[in-house]
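Trainee: Could we go through the helix packing in this model together?
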Amino acid sequence: LVSAVIGYLLGSISSAVLLSRFLYKADVRTQGSGNAGATNAARVYGMGMGLATLVCDGLKTAASMYLGLLLGGEVGFALAGAACVVGHCWPVFFRFRGGKGVSVGAIMSLLIDWRVFLCLFVAFFAVFAIKRTVSLCSVTVAVLLPLLAIGFQLLLGDIGWPRCVLA
C-alpha cells in the first residue's frame, strides 16, 4: 500500500506542467492536445522540451519503482509502477489533469524487463510506420505490455531488471 501511495504521489508530479510554467510561463495543457505529457510538450514547445519532459518522467518512474522495490519487493515494484502511471494520468497536484501515461509506461516496461521494452519499441514504430498515429501506437503497446511481461515470465521463468539492476 505504501509503495502504491508513493508511486501515485511521484507520478502526480507533472514534468510537462512544471517545465512549461518555469520555462515558458504557460501551462502546456492549454495548448496543443491539452495533455500534460512529453508528446504535447514537444508539439507545443519543440523537441528539446519533449525530451526534457521524457527524462523527468523517466526519473519519477524509476524513483517510484525503486522505492517500491525497497519497501515491498517485486510486488511493491509493480504496484509503485502502476500507481505512477495512474498519478501521471490523474495527478492530485494538478486537478487530476495529466498526460496519457505513455512515457511513464515506456520507462516502466524498461524497468520490468529490457526485452519487453525492446519488443514494445519495435511494435510502436512498426504501427507508426503503417498508420502514422501516435495514439494508436500507444494503445497497441499498452495492450502488449502485460502480455509480453507475462509471456517472458512464463516462457523464460525470469524477469530481467528488478533482480539484476535495481536489487
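Mentor: What follows concerns three helices and their contacts.

Mentor: This is a predicted model, in which local features need pLDDT of at least 70, side-chain atom pairs count only at pLDDT 80 or more, and totals for chains, interfaces and linings use all residues. Residues are numbered from 1 along each chain as its sequence is written, and side-chain values use heavy atoms, with hydrogens and water left out.

Trainee: How far apart are the end C-alpha atoms of H4?
Mentor: They are only 21 Å apart, although H4 (residues 47-89) has 43 residues and a straight helix would reach 63 Å at 1.5 Å a residue. The expected span is 1.5 Å times one less than the number of residues. Helices are DSSP runs of H or I, at least four residues, numbered from the N terminus.

Trainee: Where does H4 bend?
Mentor: At Gly72, by about 145°; the bend is the angle between axes fitted to the seven residues ending there and the seven starting there.

Trainee: Next topic: at what angle do H5 and H6 pack?
Mentor: H5 (residues 102-112) and H6 (residues 114-131) pack at about 140°, with axes 5 Å apart. Axes are lines fitted to C-alpha atoms over the stretch in contact, and angles run from 0 to 180 degrees between N-to-C directions. H5 and H6 are therefore oblique, the class left after under 35 degrees (roughly parallel), over 145 (roughly antiparallel) and 65 to 115 (roughly perpendicular).

Trainee: Which residues meet there?
Mentor: Ala106, Ser109 and Leu110 in H5 meet Trp114, Val116, Phe117 and Leu120 in H6, contact being heavy atoms within 4.5 Å.

Conventions. Helix = DSSP H or I, 4+ residues; strand = E, 2+ residues; numbered from the N terminus.
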